[in-house]
Amino acid sequence: MTTTRTLLNELAPEARDRLLEHSRRVQLPAGTRIFRERQHADSFWILESGRVELDMHVPGHRNAVVDTLVGGALLGCSWIMPPYHWHLGATAVTEVRALEFDAAAVRELCMRDPSVGEAVFACVAATMARRLLSTRDRLRDDLTPGVGAESLAYAR
């Protein structure tokens with residue numbers, strides 16, 4: 001199930017409309033640096049189309065790509081918990097069309113309307129959990145080249 005389905009379609013129509021009041025459609029050209037690590041996280045996006053790479057700074061090296069997001073994905077989780085700073089960077093690999101949300105306004109809406117808050121927080125938590133597992137799997141694969149996943153099943 002995509003983030004768009006989880007976040008928008010799981011809300012009652014009135015709650016979805018209230019959430020969408022804090023969004024706007026954006027188009028980002030390929031190559032756009034959407035955000036950088038440690039910058040203030042004041043927005044988040046639901047990708048409608050395109051591809052975005054999440055990366056992290058590695059001193060003395062090029063940024064390391066840690067995940068790739070496509071249409072339906074939630075871009076940005078750092079906006080939901082203080083100190084509201086990005087933990088990763090993001091770059092549009094292709095042209096991206098997305099809904100961009102005002103993070104402060106959505107946090108306020110979540111506090112005022114618990115049904116919206118529960119849906120938004122559940123979606124962000126699930127997204128963070130999936131990305132953590134994906135990163136763990138990628139790191140394990142990088143550290144154990146030539147070893148099949150079935151050999152490492154005990155580690156899961």
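**Reading salt bridges**

Modeller: Let's start with one pair: Arg18 and Asp113 form a salt bridge, with their closest N and O atoms 2.2 Å apart. Keep in mind that this is a predicted model.

Biologist: Why would two side chains pair up like that?

Modeller: Side chains with opposite charges can pair when their charged atoms come close. Here, Arg18 sits in helix α2 (residues 13-20), while Asp113 is in the loop between α3 (103-112) and α4 (114-143), so the bridge ties together parts 95 residues apart in sequence.

Biologist: And are Arg18 and Asp113 buried or exposed?

Modeller: Arg18 counts as partly exposed, at 29% relative accessibility. Asp113 has a relative accessible area of 14% and is buried, because buried means under 20%.

Biologist: How many salt bridges does the structure hold?

Modeller: There are 10 salt bridges. One of them joins the side chains of Arg131 and Asp67, at 3.9 Å from N to O. Arg131 belongs to helix α4 and Asp67 to strand β5 (residues 64-70), so this pair links parts that are 64 residues apart in sequence.

Biologist: What about burial for Arg131 and Asp67?

Modeller: Both Arg131 and Asp67 are buried.

Biologist: Which residues are linked in a network of salt bridges?

Modeller: Look at Arg136, Asp137 and Arg140, which are linked in such a network. Within it, the side chains of Arg136 and Asp137 meet at 3.3 Å, N to O.

Biologist: How accessible are Arg136 and Asp137?

Modeller: Arg136 is partly exposed at 34% relative accessibility, and Asp137 is partly exposed too, at 24%.

Definitions and conventions: Residues are numbered from 1 along each chain as its sequence is written. This is a predicted model: local features need pLDDT of at least 70, side-chain atom pairs count only at pLDDT 80 or more; totals for chains, interfaces and linings use all residues. Side-chain values use heavy atoms; hydrogens and water are left out. A salt bridge is a side-chain nitrogen of Lys or Arg within 4 Å of a carboxyl oxygen of Asp or Glu. Helices (H or I, at least four residues) and strands (E, at least two) are DSSP runs, numbered from the N terminus. Buried means under 20% relative accessible area, exposed over 50%, partly exposed in between (1.4 Å probe, protein chains only).
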